Amino acid sequence: MAMLKVENLEVYYGMIKAIKGVSFEVNEGEVIALIGANGAGKTTILHTITGLIGAKAGNIEFQGKNLLKTPAHKIVSMGMAHVPEGRRIFQELTVLENLKLGAYTRSSKSEIDETLKMIYSKFPRLEERKEQIAGTLSGGEQQMLAMGRALMSHPKIILMDEPSMGLSPLYVNEIFKIIEEISSSGTTVLLVEQNAKKALSIADRAYVLETGNIVLEGKAKDIINDDSIKKAYLGE
Amino acid sequence: MGFIQQLINGLELGNIYALMALGYTMVYGIAKMLNFAHGDIIMVGAYTLSLVMTNVGMPPIIAILASVVVCSILGVVIEKIAYKPLRNASPLTVLITAIGVSYFLQSVALLIFGSNKRKVESAITMQGISIGSLELTGVSVVTLGVTLIIMIGLTLFIKKTKLGKAMLAVSEDKGAAQLMGINVNQTISITFAIGSALAAIAGVLFVSSYGFVGPYTGALPGIKAFVAAVLGGIGSIPGAMLGGILLGIIESLSKAYISTNLADAIVFGVLIIVLLVKPSGLLGKVRMDKV
């Protein structure tokens, strides 16, 4: 059974239909890439899954529960974390305060400390800068903080929106390496990316989104060799 | 009266402004809106105190508690009915609504109690202190203590508790706060409850030193508290305290040495000068524009 199931999803911005009946599934343990150009609707889909915007029609099920009927703040404790586009870390708080807010819904202090240790070992730079105001971090460090903050909720699935955006190639490689680590430690990953080549290189399966519709789906290694995809997204 | 006594008078007045400004600045800091009805919640708190003490005949401490409870509930209800539907509206819309709520509360008080001011017994029975020729009333000693405790308590609450951190998260990014599992509506409700409870305490202390309450009792002090909050840097808790005390001292010294009629003009003049030199207020943070 699919862990996350999106069926015939339709989302509007005012009168504009942004998502026109999208369906896809994420199975436990998979890395799924959702790729497509700017404005295709990738971020809108993630925002609808985690309840930041409402849907007009369709269904979103996570582990058998209807997410469209769940308020946004209750979704994280069901085991779903979202690393939003543009990171959206709390700029005026310290690195440690940001991380602790990630564990807002958890109550066991010892378990939180354990997760914090795990995150510090994954991102040593966050430990070095734990007392620093988050807004003063570099872009790559802010991305790591956003990922660390999401992992603090100990999620079963993590939704990542453009983690490589605006980062230097060095950081991009590091971020993707960490996504692979997150996946191999048992967390399911739904990855939204404009950097299709990178995303496809680590994904199991992928969906290609164009102006609110899914136009292609399949195994990532098949999609990476698809001629139309090569032309449109991989610049070959 | 000597200069020192004038300073003390200014401190007494300033403390009440500071207490009012704390509630103002807290609601602004978290909910990012100017609650212009804050002064009128102070008025409701003062009426509640008077009714419970005089008409019901309860001891002052019960009346103070009643005042805090009534104002907290009122604050939450106002937020739910008037401000929550405008969560995504422009700040100007919310501002106009807040002014509307302010007039609404004044009109309701006018309908219920009439335009005559009601005499209020002081809820504070403490004796004044005199050192040599200087005199401090009991109310102002209590006000100073209460304002300091609230300022420190509020700072610790926001910096150290989980709920306080949630408030800071909500103030910075409501969407990201929801992704952390924070209930944004509930957090804003609690912010209004605390802000309004502070207004109730300010109302109690204000009428205890002033002696009367009327439908417009909260209007001018509300504006002064707003000025105090802006002077100190709106959103900053120590700023509200500093701004309130400065305002009280400037007002008191102007009345004593320059002109009673010009005192308010001088107070607002100082505000204009401070904002020209430091637009974020004395202790206000300059928010960097995010790229």
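## The six-stranded sheet

In this predicted model, chain A holds an open sheet of six strands, and reading across it gives the order β6-β7-β8-β3-β9-β10, with mixed pairing. At the edges sit β6 (80-83) and β10 (213-219) of chain A, each of them pairing on one side only. Going from one strand to the next, the twist averages 15 degrees.

Look at β6(A) beside β7 (residues 157-161) of chain A: these two pair in the parallel sense over four bridges. Along the way, A:H82 has A:L159 in β7(A) as its bridge partner.

## Helices on the sheet

Helix α1 (residues 42-49) of chain A packs on this sheet and touches β3 (31-36), β6, β7, β8 (188-193) and β9 (205-210) of chain A. The direction of α1 makes about 145 degrees with that of β7(A).

Then there's helix α7 (residues 169-184) of chain A, lying across β3, β7 and β8 of chain A and running at about 155 degrees to β8(A).

## The pairings of β1

Strand β1 (residues 4-13) of chain A runs antiparallel to β2 (residues 16-26) of chain A, and eight bridges join them. Here A:L9 stands opposite A:V22. Their hairpin has two residues between the strands, and A:G14 takes a positive phi near 65 degrees.

β1(A) also pairs with β4 (residues 57-62) of chain A, again in the antiparallel sense, over five bridges. A:L4 finds its bridge partner in A:F62 of β4(A).

## Where the chains meet

The contact takes 18 residues from chain A and 15 residues from chain B. On chain A's side, α2 (72-75) and α3 (95-102) are the elements giving two or more residues, and α3(A) has the largest share, with three residues. By class, that side has eight nonpolar, seven polar and three charged residues.

Note on methods
Residues are numbered from 1 along each chain as its sequence is written. Chains are lettered from A and ligands numbered from 1 in the order in which they are written. This is a predicted model: local features need pLDDT of at least 70, side-chain atom pairs count only at pLDDT 80 or more; totals for chains, interfaces and linings use all residues. Two residues are in contact if their C-beta atoms, placed from the backbone, lie within 7 Å. Ala, Val, Leu, Ile, Met, Phe, Trp, Tyr, Cys and Pro count as nonpolar, Asp, Glu, Lys and Arg as charged, and the others, Gly among them, as polar. Two strands pair if DSSP finds at least two bridges between them. Axes are lines fitted to C-alpha atoms, for helices over the stretch in contact, and angles run from 0 to 180 degrees between N-to-C directions.
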